[in-house]
Amino acid sequence: MGIAAKSREIGPDTILQRKQDQLFSEIDGEVVMLSVENSEYYGMDKIGSRIWQLIEKPLPLKQIIEILLHEYEVTERQCKKDTLSFIEQLAEKELVEISD
């Protein structure tokens, strides 16, 4: 499993953390956010919002997936695919910090 995002490979051991300069609020369990850097508004569904909550502090991708597997009824394959896709979107918009 791995996706290149901004020339960085995102794999199971990749550490992810949301950038601290994002303005966001939670409304009815879903995150709405304004990126000051991008001047763009984003809305996240409940699972995307949960991932956003989890990456408040540095966390490896594999641990995010493990937590989601325990909290939601989803296959491991689907969880990995969807989580990686969401993280890739965050990375492309430069909303997360990625480290090894």
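# Helices, sheets and one ring pair

Helix α2 crosses helix α3 in the right-handed sense (right-handed: the near helix is turned clockwise from the far one by less than a right angle; left-handed: anticlockwise). The model is predicted, with local features needing pLDDT of at least 70 and side-chain atom pairs pLDDT 80 or more, while totals for chains, interfaces and linings use all residues. Residues are numbered from 1 along each chain as its sequence is written, and side-chain values use heavy atoms, without hydrogens and water.

**Exercise 1.** Describe how α2 and α3 pack, and state which residues make the contact.

*Solution.*
- Step 1: locate the elements. α2 covers residues 61-71 and α3 covers residues 76-92 (helices are DSSP runs of H or I with at least four residues, strands are runs of E with at least two, numbered from the N terminus).
- Step 2: take the geometry. The angle between α2 and α3 is about 125°, and their axes are 10 Å apart (axes are lines fitted to C-alpha atoms, for helices over the stretch in contact; angles run from 0 to 180 degrees between N-to-C directions). α2 is therefore oblique to α3 (under 35 degrees is roughly parallel, over 145 roughly antiparallel, 65 to 115 roughly perpendicular, the rest oblique).
- Step 3: list the contact (heavy atoms within 4.5 Å). From α2 come L61, I64, I65, L68 and L69; from α3 come E76, C79, K80, T83, L84 and I87.
- Step 4: sort by class. The α2 contact with α3 has eight nonpolar, one polar and two charged residues (nonpolar: Ala, Val, Leu, Ile, Met, Phe, Trp, Tyr, Cys, Pro; charged: Asp, Glu, Lys, Arg; polar: the others, Gly among them).

**Exercise 2.** Do the same for α1 and α3.

*Solution.*
- Step 1: the axes of α1 and α3 come within 11 Å and cross at roughly 65°. α1 and α3 are therefore roughly perpendicular to each other.
- Step 2: the crossing of α1 past α3 is right-handed.
- Step 3: G48, I51 and W52 of α1 meet T83, F86, I87 and L90 of α3. By class, this contact of α1 with α3 holds five nonpolar, two polar and no charged residues.

**Exercise 3.** Give the strand order of the sheet that holds β4, and describe its hairpin.

*Solution.*
- Step 1: the open sheet has three strands in the order β4-β5-β6, with antiparallel pairing (strands pair if DSSP finds at least two bridges between them). β4 and β6 (40-43) are the edge strands with a single partner each, so one side of each has no neighbour in the sheet. From one strand to the next the twist averages 15°.
- Step 2: β4 (residues 23-27) and β5 (residues 30-35) are antiparallel over five bridges. S25 has V32 of β5 as its bridge partner.
- Step 3: two residues separate β4 and β5 in the hairpin, and D28 in the turn has a positive phi of about 50°.
- Step 4: α1 lies across β4 and β5, at about 65° to β5.

**Exercise 4.** Find the aromatic pair and place its rings in the chain.

*Solution.*
- Step 1: apply the rule (rings of Phe, Tyr and Trp, the last by its six-membered ring, pair with centres within 6.5 Å; planes under 30 degrees apart are stacked, over 60 edge-to-face, the rest tilted). The count is one aromatic pair.
- Step 2: F24 and W52 are edge-to-face, at 5.8 Å centre to centre and 85° between the planes.
- Step 3: F24 sits in strand β4 and W52 in helix α1 (residues 46-54), 28 residues apart, so that the pair links distant parts of the chain.
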